Amino acid sequence: ISLLVIILAIISFIFFYKFSKKRRSRGEVRMIWLAHTSLFLGLLFHPATSDIHRIVKDIYTNHGPDILGIELERQTDSVQAINPRSFVYLYLESLDQVFLDEKNFPGLMPELSKIIKKSGQINGLHQAPMTGWTMAGLVSTQCGLPLARAAISALNVTRNSIPICVGDILKEHDYYLSFMGGADLTFAGKGLFYKLHGFKDVFGASDLEELAGKRLERSQWGVFDDDLLDLAWQRVEQLSSKPERFGLVLLTVDTHPPHGHKTPSCKGIKYGSGESGVLNSVHCTDYLVSKFIKKFLSSEKTNDVALIISSDHLMMANDANIEINEEKRNNTFVFFNASQENEVLITRQASMLDIAPTLLHLIGFDVEILGFGRNLYKGNPTLSEKYGKKEFYRLIHVWGNVLQSKLSRDTKENKKEKDL
């Protein structure tokens, strides 16, 4: 389409030029050039033009030696269990730090704002390339790697495209790992991803209904968060009653942009005038998640269980007119009952890629590096700090392009072998 637009523009230019060279009145010439100028401006601001710019920039800017590939090859860091403990990791759909800013949204999240004052927090978690949607956010925080374009489809979310992740390490240390999310497991390959990386139980929308023993209300994205968190708490109680260590990963859906979803148990709960659906859903999440945290922190069964809460990625386009400027916003990351540092606020130039080794650290493992991630409680610089954020992000694109080329070559070679 982009190429077609350019060809048509060139043909039109030649046509108008030759047409205007013939004897014409000044009015006719003026109209011809006015039409030409309009065409030029239309082309300049056409979406296809930005597509071409992005493609050319990708080709000429995101090239060079695969520095990050070399970083991965040099990794020799081992993971040692020092004081391992069970954990619950709750991902909040799109709920980045902008919603906790009282200046922008006074009273939007009053309960969570109070509770997290007693938590450990990590600030400065930017959004690296290829980590800005849910599946990519899960992969980045659990594997320390972006979900490169070559691995976007569910068919490619395999061990061939994603190396060792947190789940693989914890499985080796006899953790019982579970995932619970309101959406269908086949969407974006979440179910396959977790099954391939050490998780024994993987529950999606239909599985949650089986656990509940009844049909559950759903939004277009899946089971509502109130039912998810109720079932999740039952699961926490079951797992914490057993002797083996466990890890439970949860993923909410109701704050999904652009409008969020009306959670049944939050009827009557709205933010301000109630005009913004996404802000209403965030206000509801404040109520639901704070209730979950309070139960967790007051239960004797979870005294030694870490609770980690984070956004999966930054909020995308939404009906609250939140500025979609990734440079100015950070992801949310708070924790309670960690094996080590708690009630500590740290700020680093980092990204969600750094959460993978940091998560292991918080549940009692000694680790420096996982993928592109660096343990934020150790002395090593993050790759954003080492190369500078802008250059690091460029290098991610280079790495992604190299991976894409390699997988394309492998696919062609495999096809040739089958044909033989």
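Reader: In which helix do R394 and E391 both lie?

Author: In this predicted model, the side chains of R394 and E391 meet in a salt bridge, with 3.0 Å from N to O. The two residues are 3 apart, about one turn of the helix. The helix that holds both R394 and E391 spans residues 389-419 and is α14.

Reader: Is R394 buried, partly exposed or exposed?

Author: The relative accessibility of R394 is 22%. Buried would require a value under 20%, and exposed one over 50%. Therefore R394 counts as partly exposed.

Reader: What class does its partner E391 fall into?

Author: E391 has a relative accessibility of 31%. Since the range between 20% and 50% defines the middle class, E391 counts as partly exposed.

Reader: Which residues are joined into one network by salt bridges that share partners?

Author: The salt bridges in question have partners in common, and this sharing links the residues into one network. The residues joined are E71, R374 and K386.

Reader: How many residues apart are R348 and E385?

Author: R348 forms a salt bridge with E385, the closest N and O atoms lying 2.8 Å apart. The pair links distant parts of the chain, for R348 belongs to strand β11 (residues 345-351) and E385 to helix α13 (residues 383-387). Their separation along the chain is 37 residues.

Reader: Which class, buried or partly exposed, applies to R348?

Author: The limit for a buried residue is a relative accessible area under 20%. E385, the partner, has 31% and is partly exposed. R348 has 16%, so R348 is buried.

Reader: Which residues of helix α9 are buried?

Author: Helix α9 covers residues 205-212. Its buried residues occupy an arc of only 100 degrees around the axis, which puts them on the same side of α9. They are A205, L208 and E209.

Reader: Against which elements do the buried residues of α9 pack?

Author: The packing partners include both strands and a helix. They are β4 (176-181), β5 (201-203), β6 (218-219), β7 (222-223) and α10 (225-240).

Reader: With which residue does R218 form a salt bridge?

Author: R218, at 40% relative accessibility, counts as partly exposed. Its partner has 13% relative accessibility and counts as buried. The closest N and O atoms of the pair are 3.3 Å apart, and the partner is E209.

Reader: Which residue follows α9, and what is its phi?

Author: The residue that follows α9 is G213. Its phi is positive, near 75 degrees.

Reader: What does the count of salt bridges come to?

Author: A pair is counted when the side-chain nitrogen of Lys or Arg is within 4 Å of a carboxyl oxygen of Asp or Glu. By this rule the count is 10.

How values were computed:
Residues numbered from 1 in each chain as written. Predicted model: local features only at pLDDT ≥ 70, side-chain atom pairs only at ≥ 80, totals over all residues. Heavy atoms only, no water. Buried < 20%, exposed > 50% of the residue type's maximum accessible area, 1.4 Å probe, protein only. Helix = DSSP H or I, 4+ residues; strand = E, 2+ residues; numbered from the N terminus. Arc of directions from axis to C-beta. Contact = heavy atoms within 4.5 Å.
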